[in-house]
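Hi there,

I am passing a structure on to you, and I have added some notes on what turned up in it. Please have a look at it first, then read on.

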Amino acid sequence: MCFIVYRRNTMKQRDLQRNMDERLAASQEGALSSEGVSFSSALASLAKALGHPARVEIIRLLLQEGSCMCGDIVRRLPLAQSTVSQHLRHLREARLVHYRRQGSRLCYYVNTDVLERLQELLRVLGDDPTG
């Protein structure tokens, strides 16, 4: 009996996931589901990248300033340079932040395409999944 209930619940979850994936694809004609990444995976990946308050502050600072060197970020936040560098690495891996080389230094800026994608994913998440 427990197996039947579990199976029924997992089937409902798969149907819900499929419905949300279809709505996401339809809303952006497949642009948001590029590279075969599902709705849940894409949202979870971006949420994980923003899962630390320091990373949120770094994004806010970069949006405010437009772009910053790592040293500028260190001066503005109460964090060590190595800590800021690690947080920037997480943000780069999630493609939320890009950089350009200026001499021997790196100038970081927010990838607005991915930020817009996050906003769209959150909008779709907030929509009623039943239509």
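Helices α3 and α5 are roughly perpendicular to each other, because their packing angle of about 80 degrees falls in the range of 65 to 115 that counts as such. Their axes lie 10 Å apart. Please keep in mind that this is a predicted model.

Which residues bring the two helices together? On the α3 side they are A54, R55, I58 and I59, and they meet V84, H87, L88, H90 and L91 of α5. Sorted by class, this contact is made up of six nonpolar, two polar and one charged residues.

Now to α5 itself. Helix α5 runs over residues 81–93, which makes 13 residues. From the first C-alpha to the last it reaches 18 Å, close to the 18 Å expected at 1.5 Å a residue.

Which residues of α5 are buried? They are V84, H87, L88 and L91. Looking down the axis of α5, you will find these buried residues within an arc of 100 degrees, so they line one face of the helix. A general point helps here: an α-helix has 3.6 residues a turn, so residues three or four places apart point the same way. As for what covers the buried residues of α5, the list includes three helices, α2 (39–49), α3 (53–65) and α4 (70–76), along with the strands β2 (97–102) and β3 (105–110). V84, H87, L88 and L91 also appear among the residues of α5 that meet α3.

Two arginines are worth a look as well. R92 sits in helix α5. Is R92 buried or partly exposed? With a relative accessible area of 28%, R92 is partly exposed. Leaving aside residues up to four places away in sequence, R92 touches V97, Y99 and Y108. R92 and Y108 are 16 residues apart along the chain, and their C-alpha atoms are separated by 9.4 Å.

The other arginine, R95, comes just after α5, in the loop between α5 and β2. What is the sign of phi at R95? Phi is positive there, near 65 degrees, in a residue other than glycine. R95 has 35% relative accessibility and therefore counts as partly exposed.

If you open the model yourself, you could begin with the contact between α3 and α5, then follow α5 to R92 and on to R95 in the loop that leads to β2.

Happy exploring, and best wishes!

Key: Residues numbered from 1 in each chain as written. Predicted model: local features only at pLDDT ≥ 70, side-chain atom pairs only at ≥ 80, totals over all residues. Heavy atoms only, no water. Helix = DSSP H or I, 4+ residues; strand = E, 2+ residues; numbered from the N terminus. Expected span 1.5 Å × (residues − 1). Buried < 20%, exposed > 50% of the residue type's maximum accessible area, 1.4 Å probe, protein only. Arc of directions from axis to C-beta. Contact = heavy atoms within 4.5 Å. Axes fitted to C-alpha atoms, helices over the stretch in contact; angles between N-to-C directions. Parallel < 35°, antiparallel > 145°, perpendicular 65-115°, else oblique. Nonpolar A, V, L, I, M, F, W, Y, C, P; charged D, E, K, R; others polar.
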